[in-house]
Amino acid sequence: MLMLVSGSVNKVVELSSRRAADLGIILTPNNINSIPTVVATGLPWAIDNGAFSGFNADKFTRLIDKAAGKSHLLWVVCPDVVGNAETTLAHWPWWSAVIRARNLPVAFVLQDGQEGFRLPEADAYFIGGSTRWKLSAHAAELATEVKKRGKWLHMGRVNSLRRMRVAMDMSCDSTDGSSLSMFGDKYIGKFCSWSKQLHAQPVLFT
């Protein structure tokens with residue numbers, strides 16, 4: 001399972017030579033890392049929209065403009081509304097078209113209440129929502145549907161061994177978390193060790 005880090009690029013590069021399968025980079029509109037710097041690492045990377053801390057349409061659009069045509073990009077997270085599946089779905093037609101117009105792969109965010117709506121067709125899916133919903137049976141069922149479609153599955157806000165175990169049990173392909181980004185020197189190596197440990201354990205959700 002890939003761990004995507006926002007920031008701490010030097011530490012990610014340092015460790016990736018030994019754990020290349022575990023690490024990648026995630027950018028947001030407010031992240032200071034430049035796309036050329038990220039691409040130069042040769043690591044897989046993704047773009048989040050920054051909605052959790054406050055979405056800025058202009059910054060987001062400028063960022064995806066710069067990402068067009070760049071290599072190793074996993075997906076771009078379509079603008080969403082945290083904890084609200086209905087409004088997130090309302091944003092999907094417009095913003096997914098904006099992202100796809102730049103020939104970029106687009107990820108749809110699963111939010112609280114998504115179990116009551118049809119799952120749109122996306123290149124990847126991102127488990128967001130409140131902590132309670134993220135850990136719910138509804139989220140696990142949607143994760144199963146995503147994997148049946150053969151799509152990439154990501155979980156956000158993974159900042160503990162317990163949350164990493166949940167993500168792995170849901171067959172997530174990648175995760176990210178603020179602890180890795182804010183305290184990279186302290187936590188990235190630890191998370192890599194946890195990931196290796198969990199890979200040896202059985203998966204609960206199929």
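Exposed here means over 50% relative accessible area, buried means under 20%, and partly exposed lies in between. By that scale, Ala137, Glu141 and Lys148 are exposed on one side of helix α6, the side away from its buried residues. The model is predicted. Its protein chain holds nine helices and eight strands. The radius of gyration is 16 Å, close to the 17 Å that the globule rule gives for 206 residues, so the chain is as compact as a globular protein of that length.

**Overall build**

- The C-alpha trace of the protein chain spans about 40 × 40 × 30 Å along its principal axes.
- Of the 206 residues, 50% count as buried.
- Take the contacts between residues at least 6 apart in sequence: 55% of them join residues at least 24 apart.

**Helix α6**

- Helix α6 covers residues 137-148. Its twelve residues should span 16 Å at 1.5 Å a residue, and its end C-alpha atoms are 17 Å apart, which agrees.
- Ala139, Ala140, Leu142, Ala143 and Val146 are the buried residues in α6. They cover an arc of only 160° around the axis, which puts them on the same side of α6.
- What do these buried residues pack against? Their partners are two strands, β5 (106-110) and β6 (124-127), then helix α5 (131-134) and strand β7 (152-155).
- Ser136 caps the N-terminal end of α6. One of its side-chain oxygens lies 3.3 Å from the backbone nitrogen of His138.
- Gly150 comes just after α6 and takes a positive phi of about 75°.

**Aromatic pairs**

- A search of the whole structure finds five aromatic pairs.
- Trp75 and Phe126 form an edge-to-face pair, with 6.2 Å centre to centre and 85° between the planes. This pair links distant parts of the chain: Trp75 sits in strand β4 (residues 73-77) and Phe126 in strand β6, 51 residues apart. Both Trp75 and Phe126 are buried.
- Trp92 and Phe108 form an aromatic pair that is edge-to-face too, at 5.3 Å centre to centre and 90° between the planes. Here the link runs from Trp92 in helix α4 to Phe108 in strand β5, 16 residues apart.
- Why does Trp92 count as buried? Its relative accessible area is 9%, and the cut-off for buried is under 20%. Phe108 has 1% relative accessibility, so Phe108 counts as buried as well.
- Phe55, Phe60 and Trp95 form one aromatic cluster.

**Ser96 in helix α4**

- Ser96 is found in helix α4, which runs over residues 85-100.
- Is Ser96 buried or exposed? At 4% relative accessibility, Ser96 counts as buried.
- The Ser96 side chain reaches the backbone oxygen of Pro93 at 3.4 Å.
- Setting aside residues up to four places away in sequence, Ser96 touches Cys78 and Val106.

**Arg102 and its partners**

- Arg102 lies in the loop between α4 and β5. Its relative accessibility is 22%, so Arg102 counts as partly exposed.
- Which residues does Arg102 contact, leaving aside neighbours within four places in sequence? They are Thr61, Ile64, Asp65 and Ala68.
- With Asp65 there is a polar contact between the two side chains, at 2.5 Å.
- Arg102 and Asp65 are 37 residues apart along the chain, while their C-alpha atoms are separated by 7.2 Å.

**Positive phi outside glycine**

- Most residues other than glycine have a negative phi. Two residues with a positive value follow.
- His72 has a phi near 70°. The place of His72 is in the loop between α3 (57-67) and β4. At 44% relative accessibility, His72 counts as partly exposed.
- Ser171 has a positive phi of about 65°, although it is not a glycine. Ser171 belongs to the loop between α7 (161-169) and β8 (174-176). With a relative accessible area of 31%, Ser171 is partly exposed.

Methods: Residues numbered from 1 in each chain as written. Predicted model: local features only at pLDDT ≥ 70, side-chain atom pairs only at ≥ 80, totals over all residues. Heavy atoms only, no water. Helix = DSSP H or I, 4+ residues; strand = E, 2+ residues; numbered from the N terminus. Buried < 20%, exposed > 50% of the residue type's maximum accessible area, 1.4 Å probe, protein only. Polar contact = N/O pair within 3.5 Å; in protein donor to acceptor, adjacent residues only side chain to side chain. Contact = heavy atoms within 4.5 Å. Expected span 1.5 Å × (residues − 1). Arc of directions from axis to C-beta. Phe/Tyr/Trp six-rings, centres within 6.5 Å; stacked < 30°, edge-to-face > 60°. Rg over C-alpha atoms; globule rule 2.2 N^0.38 Å.
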